[in-house]
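Please keep the viewer open beside this text, with a cartoon for the backbone and sticks ready for individual side chains. Each stop below suggests a selection and then says what is to be found there.

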Amino acid sequence: MEESKDWRRRRVRFLLTKAERNLDRVTKDKEFWRPRFCRAFFDWCDENAFDAPNLAVKRASMAVEIAEKTNDRHLVCRAMGLLVSGHRMVSEFEEARIVLNNALALAEGCSCCLCDLYRRKGLLHLYQADNEEAHKFFNLAIAEYKNIEDTDGVGRTLVSRGISHFYLVGVDEALADEDRALQLLSSETPQIFHLAALNNIAGFLALGDERHFSRVSQHLANFREKLKGVDGFSSVRVRLRWIDGLVLARIGEYRRAIQMLENAQGALLRLRQDPEVVAISADLSRLYYEKENYRAINRVASKCLRTIDVQGKVRSLLERLASFAARETKRTLDVITSLRAAVDVPVPCLIEAAKAPKFTNPEPLAC
Ligand SMILES: [Zn+2]
């Protein structure tokens, strides 16, 4: 029994790799038209929507096409939900609404379809800044997920409800949702949901006060422990260490914060995640700047230039950072700030946020 389950999982993973290499085959080859593959492909679409928002609609349309070939109404509903999110990601709100209404008609009171559709309807409202409607639908989605005892689905919804909670009630309720989400999400859930929860925690913390820090630090440590050795989670664990370092810096524990970030930077280098390496190097430089350790900043910048492939604006900022640090000028700080802003990564810069009194937008991530 266990063995055949394992075999099926390997088979789906094999098909996904094949699909990634040549996406157009998915709608052409019969071997992909299976419920099990469909479900994995749906998760893959969710996972990759943020990497390539402009491709999300195309991929979701393919998901609808293969779901239709299985003649499974529930799968078609799920795929249409993806298409709703695809349109939403490129701000095609009217198209999203039309697909959503069609999907809701097809769902006909079925909890397994409604849960996902209500969650995505909530997201649609959230992205249009209608937090009250969003909150209402997140709650409806949670009720439906509970109906079918899908705790992972409750977790996925809580990641987003944290955001509506944040805008409607406050940072405590928002953190509680994200906290609970991380407990409920399974290790099989697409990483983007874990990352979104972490991103939101970090963002909310930047707006919260110190009484949250020790709790979240503890939570991050537990979560890291839980993910130890779990396949495919190395980059999430590194980000946890990174956020932990930033939280430590916020409470003034610079030595441990620097240790944590140095360690995470090394891991990101090994994972070859170049934009993240640049961003964390900027965060590290910022901490060293606080300690007036220009020599360390120069070392961090030179290491980036030596070990990763950076071009254009980011490269020239790194070169400037190395040379300003060598001259020990106060203008080093401006370069650090520009460098951090030049790369787009899901870990917000807590230190910047804490220093900017007018910081009001934590740029929450809802998926
Ligand atoms: Zn259903």
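The tour goes from the whole chain to the core, then to two helices, and ends in the loops.

**The whole chain**

Begin with everything selected, bearing in mind that this is a predicted model. The protein chain contains 19 helices and zero strands, and 44% of its 367 residues count as buried. Among the contacts with a separation of 6 or more, 60% are made by residues 24 or more positions apart.

**The largest nonpolar core**

Next, select Ala-60, Ala-63, Ala-79, Met-80, Leu-83, Leu-261 and Leu-321, which are the residues that touch the most other members of the 101-residue largest nonpolar core. Helix H5, residues 73-89, is the element that gives the most to this core, contributing nine residues. The core also draws at least three residues from each of domain 1 (1-108) and domain 2 (190-367). To see one of these positions in detail, centre on Ala-79, which touches Phe-42, Ala-60, Ala-63, Val-64 and Ala-67 when residues up to four places away in sequence are left out.

**Helix H14**

Now move to residues 254-270, which form helix H14. Its 17 residues reach 24 Å from the first C-alpha to the last, close to the 24 Å expected at 1.5 Å a residue. Which residues of H14 are buried? Select Ala-257, Ile-258, Met-260, Leu-261, Ala-264, Gln-265 and Leu-268 to display them. They lie on the same side of H14, because the arc that they cover around the axis is only 160°. In general, an α-helix has 3.6 residues a turn, so residues three or four places apart point the same way. The buried residues of H14 pack against helix H13 (234-250) and helix H15 (274-290), whereas Arg-255 and Arg-270, on the other side of H14, are exposed.

While H14 is still displayed, pick Asn-263, which counts as partly exposed because 14 other C-beta atoms lie within 10 Å. A distance drawn in the viewer between the C-alpha atoms of Asn-263 and Val-238, which are 25 residues apart along the chain, should give 8.6 Å.

**Helix H13**

Shift the selection to H13, where the end C-alpha atoms of its 17 residues are 25 Å apart, in agreement with the 24 Å that such a helix should span at 1.5 Å a residue. Is H13 largely enclosed or largely open? Since 13 of its 17 residues are buried, H13 is largely enclosed by the rest of the structure. Leu-240 is found in this helix, and it counts as buried because it has 26 C-beta neighbours inside 10 Å. From Leu-240, a C-alpha to C-alpha distance of 8.9 Å leads to Ala-264, 24 residues apart in sequence. Just after H13, Gly-252 takes a positive phi of about 85°.

**Two loops with positive phi**

For the last stops, a Ramachandran plot alongside the viewer is useful. Most residues other than glycine have a negative phi. Arg-272, however, has a positive phi of about 60° although it is not a glycine. Arg-272 sits in the loop between H14 and H15, and it counts as exposed because it has 11 C-beta neighbours inside 10 Å.

Finally, select Glu-108, in the loop between helix H6 (93-107) and helix H7 (111-127). Glu-108 has a phi near 40°, a positive value in a residue other than glycine, and with 10 C-beta neighbours inside 10 Å it counts as exposed.

Terms used: Residues numbered from 1 in each chain as written. Predicted model: local features only at pLDDT ≥ 70, side-chain atom pairs only at ≥ 80, totals over all residues. Core = buried A, V, L, I, M, F, W, Y, C linked by C-beta atoms within 7 Å. Buried ≥ 20, exposed ≤ 12 C-beta atoms within 10 Å, placed from the backbone. Helix = DSSP H or I, 4+ residues; strand = E, 2+ residues; numbered from the N terminus. Domains from an automatic or database assignment. Contact = placed C-beta atoms within 7 Å. Expected span 1.5 Å × (residues − 1). Arc of directions from axis to C-beta.
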